[in-house]
Amino acid sequence: RMPPCTLHMGAYEVLTGNFCGGMRDVLEKWGVTQHTLKDEVHRMMRQDPLLWQRRPLPKSLVEYAAQDVVLTHAASANITRTLLALPGGVAGGSAFEMVLRASLRRVAGSPILQDLRKVAFDRRSSSRLTSRELLEEMIGELEVQTQVTALEVQDDMESLLRLVPDAFRERLSRGGMLHGAPPP
């Protein structure tokens, strides 16, 4: 089964053009209440990177995970409705089907890539950073091979920013594409 957040992140990218959105951004885009425990749990995770591996889980983590499921479910109907109304990529169908195919490809590749993420700099769009699986669904694999710079990188902002030249990073920051990123 595919984690719903994978589909939601793809939908967010399609609708906003922002590759670097997080769960908070997704929920805000679809008008869903934010996590009440997010700040507390993120502080705990920074203090203890192995927090989720310890058993039994603290009550706050169980509540956080349950709230994640409830909030993701609350956003699902709006996301699906929005994407079904938009055209899909080269394979046709709706944007929902395109995002679903890209999300399934990302999940299928995750055991091989482990903690790496496929990304691409799309030269057709001012070298915009994008999810490679999504771009392949939008314009086709052959087009991606000839029109973009594709990489496999760690799925965190710091790793992604190291790939971006200073001049581009500054331009992306001004345009809001690096939401939450440190300044160049």
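**Exercise 1. Classify threonine 16: buried, partly exposed or exposed?**

Solution. Threonine 16 has a relative accessibility of 37%. Buried means under 20%, and exposed means over 50%. Threonine 16 therefore counts as partly exposed. Now place the residue: threonine 16 belongs to helix H1. Then look across the chain. Lysine 29 is 13 residues from threonine 16 in sequence, and their C-alpha atoms are 9.1 Å apart.

The model used in these exercises is predicted.

**Exercise 2. State how many helices and strands the protein has, and in what order they come.**

Solution. Start with the count: there are nine helices and three strands. Next, read along the sequence. The pattern is α-α-α-α-α-β-β-α-α-β-α-α. Then check burial: 39% of the 184 residues are buried. Last, look at the contacts with a separation of 6 or more. Residues 24 or more positions apart account for 55% of them.

**Exercise 3. Find the confidence of the model and a stretch to read with care.**

Solution. The average pLDDT is 78. A score of at least 70 is reached by 75% of the residues. Now turn to residues 174-184, where the pLDDT is below 50. In the model this stretch has 22 contacts beyond near neighbours in sequence. Where pLDDT is low, predicted coordinates should not be read in detail.

**Exercise 4. Describe how H4 and H5 pack, and say which residues meet.**

Solution. Locate the helices first. H4 covers residues 59-84, and H5 covers residues 95-113. Their axes are 6 Å apart, at an angle of about 115 degrees. Angles of 65 to 115 degrees count as roughly perpendicular. H4 and H5 are therefore roughly perpendicular to each other. Next, list the residues. H4 brings Thr80, Leu83 and Leu84. H5 brings Ala95, Phe96 and Val99. Sort them by type: five are nonpolar, one is polar and none is charged.

**Exercise 5. Classify leucine 83 and valine 70, two residues of H4, as buried or exposed.**

Solution. Take leucine 83, which sits in helix H4. Its relative accessibility is 0%, so leucine 83 counts as buried. Leaving out residues up to four places away in sequence, leucine 83 touches Ala11, Val14, Leu15, Ser94, Ala95, Phe96 and Val99. Leucine 15 lies 68 residues from leucine 83 along the chain, with 8.5 Å between their C-alpha atoms.

Now take valine 70, also in H4. Its relative accessible area is 55%, so valine 70 is exposed. Histidine 35 is 35 residues from valine 70 along the chain, and their C-alpha atoms are separated by 10.0 Å.

**Exercise 6. Map the largest nonpolar core: its residues and the helices that supply them.**

Solution. This core has 18 residues. Leu27, Trp30, Ala75, Ile79 and Leu83 touch the most other members. Which helices each supply at least two residues? They are H1 (4-16), H2 (23-29), H4 and H5. H5 gives the most, with five residues. Now zoom in on alanine 75. Beyond neighbours within four places in sequence, alanine 75 is in contact with His8, Leu27, Trp30 and Val32. There is also a second, separate core of six residues, among them Met44, Leu51, Leu61 and Tyr64. In soluble globular proteins, nonpolar side chains tend to be buried together.

**Exercise 7. Describe the burial of helix H6 and the residue that follows this helix.**

Solution. H6 runs over residues 132-139 and is mostly covered. Seven of its eight residues are buried. They are Arg132, Glu133, Leu134, Leu135, Glu136, Glu137 and Ile139. Glycine 140 comes after H6, with a positive phi near 100 degrees.

**Exercise 8. Examine two loop residues, glycine 92 and proline 56.**

Solution. Glycine 92 is in the loop between H4 and H5. With a relative accessibility of 24%, glycine 92 is partly exposed. Not counting residues up to four places away in sequence, glycine 92 touches Glu97 and Arg101. Glutamate 137 is 45 residues from glycine 92 along the chain, and the two C-alpha atoms are 9.4 Å apart.

Proline 56 is in the loop between H3 (38-47) and H4. What kind of peptide bond joins arginine 55 and proline 56? The bond is cis, with omega about -5 degrees. Most peptide bonds are trans.

Definitions and conventions: Residues numbered from 1 in each chain as written. Predicted model: local features only at pLDDT ≥ 70, side-chain atom pairs only at ≥ 80, totals over all residues. Heavy atoms only, no water. Helix = DSSP H or I, 4+ residues; strand = E, 2+ residues; numbered from the N terminus. Buried < 20%, exposed > 50% of the residue type's maximum accessible area, 1.4 Å probe, protein only. Axes fitted to C-alpha atoms, helices over the stretch in contact; angles between N-to-C directions. Parallel < 35°, antiparallel > 145°, perpendicular 65-115°, else oblique. Contact = heavy atoms within 4.5 Å. Nonpolar A, V, L, I, M, F, W, Y, C, P; charged D, E, K, R; others polar. Core = buried A, V, L, I, M, F, W, Y, C linked by side-chain atoms within 4.5 Å. pLDDT = per-residue confidence, 0-100.
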